[in-house]
Amino acid sequence: MREIHVNEIIDKVKDLVMDSEYKLPEDFIQAIKIAKEKEESPLGKEILDEILKNAEVAEKEQVAYCQDTGYPVFFVEVGQDVKIVGGSLREAINEGVRRATKEGYLRASLAYDPIFDRKNTGDNTPALIYFDIVPGDKIKIKFAAKGGGSENQSKQAMLKPADGLEGVKKFILQSIANAGPNACPPFTVGVGIGGTFDYSAVLAKKSLFRHIGERHPDLRVAKLEEELIELANQLGVGPLGFGGTTTVVDVKIEIAPCHIASLPVAVNIQCHAARHKEIEI
Amino acid sequence: MVEAKIITTPLTDEVIENLRAGDKVLINGWVYTARDAAHKRMLEEYEKTGKLPFDVRGQVIYYVGPTPAKPGQVIGSAGPTTAYRMDKYTPKLLGLGLKGTIGKGWRGPEVKEALKKYKAVYFAAYGGTAALLSKHITKVEMVAYEDLGPEAIRKLYFDNFPVIVANDIYGGDVFEEGQKKYRKLVI
């Protein structure tokens, strides 16, 4: 068994969260640069330029790219030959978030309860953590800072098998059009098709960790991704919804087996503050 | 590039009448921050006491919950939050004399009607460009509800804060008009 002390996890999670908040992934920045060249709307071009400038300033000055520093979501893959020592893994991740919030000047963006007092928890905990046990002696920690604006525009539907591929496409495109200016496009759209009601949404969120332009290994899914990128960019939403030809920079789809009666589809909208990063310990 | 109109708060009817959806505007002077929790509390208090934590007449509310300021900063990152969540409260505030709101995204029909009725404007700031926008804020003062943390009501002093007129008093809507130009697929 390989031993990993919680103190190492706390430090690495803290750095992971702070780095993600200050610096957008390089593949996303490149995608925005390419989009800026292709964008037909002059205002849209200008906005894409502001987005790039914002990314530069945030990285240079080590400040949050967006004031909504998001709901901390983690996908943690724990190798079955790892032994965590010194405390609880869940608490270590939360402590990392707590320290990143304080030392990194992040906004406290979580409410204790959804419908009663809605008092702020003050430190962005408890984080949402999905655990998985995998072979090996390492821990992989994937982090996403999920902003409220784009999460609010995300959608799930339990379609009928008879709705088929056309029904799925229509639902995805409608979700993108409805999200419009509210969710800060250009979007990266994460889609989960299949599984159960809840699992489709988890898949949609997980798909956003794939690199921009990295197509699904199943060629049928890859083709659907490409088709949806093209169609989404014909919706006219454009950068920040002011109109234009760049509505999405990517659509990423994950699929899973599902019940013979069901066709679950989830669309997780990701704004241009596309904060996703992973580390391995 | 069209030149931006420069305006200073508080806003008069004359200034409002001169603004059209799509205009680029640079705002100067004091504005107030308020988002979900502050709106809820402010209007619940108004129902009970008939008072608001600040006089809204002629003023502008910026829908923002900034990050804490780092040492040496006036304010942390401070971009707009989605405006429609405040739609429930906005017509009431416009009726009491509020002249402008700043956020991102669409407003509902009841807000658009109230903008016409009470002569007020909804401005859109560039969502997500929070590190850049904070550079146009030169002073910050706490006004009310400090316990709400990032959702407290603050006064911010704007120095040429860039926005676009999203909804004007003539029924113009920058998002609808802009998207129509580039829409090749209706879904």
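Here are some numbered notes on this model, which is a predicted one.

1. Start with how chain A is divided. The domain assignment splits chain A into domain 1, made of 2-20 + 65-146, and domain 2, which covers 149-274. The C-alpha centres of domain 1 of chain A and domain 2 of chain A are 26 Å apart. Where the two touch, domain 1 of chain A puts in 10 residues and domain 2 of chain A puts in eight residues.

2. What does the domain 1 side of that contact consist of, by element and by class? Two elements of chain A give two or more residues each to the side of domain 1 that touches domain 2: β2 (71-79) and β5 (139-146). By class, that side of domain 1 of chain A has seven nonpolar and three charged residues, with no polar ones.

3. Next, have a look at where the chains meet. Here 48 residues of chain A are in contact with 37 residues of chain B. On the chain A side, α3 (42-61) and α6 (164-179) are the elements that give two or more residues. Of these, α3(A) gives the most, with eight residues. The side of chain A that touches chain B has 22 nonpolar, 18 polar and eight charged residues.

4. Now for the sheet in chain A. In what order do its four strands lie? They run β6-β9-β7-β8 in an open sheet with mixed pairing. At the edges are β6 (155-159) and β8 (248-258) of chain A, each of which pairs on one side only. On average, neighbouring strands of this sheet are turned by 15 degrees against each other, ignoring direction.

5. β7(A) is a good strand to follow, with a partner on either hand. With β9 (residues 263-270) of chain A, β7 (residues 187-195) of chain A pairs in the antiparallel sense over six bridges. To find that pairing in the structure, look for Ile193(A), whose bridge partner in β9(A) is Val265(A), and for Val189(A), whose bridge partner in β9(A) is Ile269(A). With β8(A), β7(A) runs parallel, and nine bridges join the two. On that side, Phe187(A) stands opposite Val248(A) in β8(A). As background, strands of a sheet pair through backbone hydrogen bonds, and this can be parallel or antiparallel.

6. Is β7(A) mostly covered or mostly open? Mostly covered: eight of the nine residues of β7(A) are buried. Helix α7 (residues 197-207) of chain A lies across β6, β7, β8 and β9 of chain A. Against β7(A), helix α7 of chain A runs at about 145 degrees.

7. Over in chain B, try a quick length check on helix α2 (residues 36-49). What span should its 14 residues have at 1.5 Å a residue? The expected figure is 20 Å, and the end C-alpha atoms of α2(B) are 20 Å apart, so the two agree. Right after α2(B) comes Gly50(B), which has a positive phi, near 75 degrees.

8. Finally, which residues of α2(B) are buried? They are Asp36(B), Ala37(B), Ala38(B), His39(B) and Met42(B). Among the things that cover the buried residues of α2(B) is β7 (153-167) of chain B. Mind the chain letter here, as β7 of chain B is residues 153-167, while β7 of chain A is residues 187-195.

Key
Residues are numbered from 1 along each chain as its sequence is written. Chains are lettered from A and ligands numbered from 1 in the order in which they are written. This is a predicted model: local features need pLDDT of at least 70, side-chain atom pairs count only at pLDDT 80 or more; totals for chains, interfaces and linings use all residues. Domain bounds come from an automatic or database domain assignment. Two residues are in contact if their C-beta atoms, placed from the backbone, lie within 7 Å. Ala, Val, Leu, Ile, Met, Phe, Trp, Tyr, Cys and Pro count as nonpolar, Asp, Glu, Lys and Arg as charged, and the others, Gly among them, as polar. The expected span of a helix is 1.5 Å times one less than its number of residues. A residue is buried if 20 or more other C-beta atoms lie within 10 Å of its own, exposed if 12 or fewer, and partly exposed in between; C-beta atoms are placed from the backbone. Two strands pair if DSSP finds at least two bridges between them. Axes are lines fitted to C-alpha atoms, for helices over the stretch in contact, and angles run from 0 to 180 degrees between N-to-C directions.
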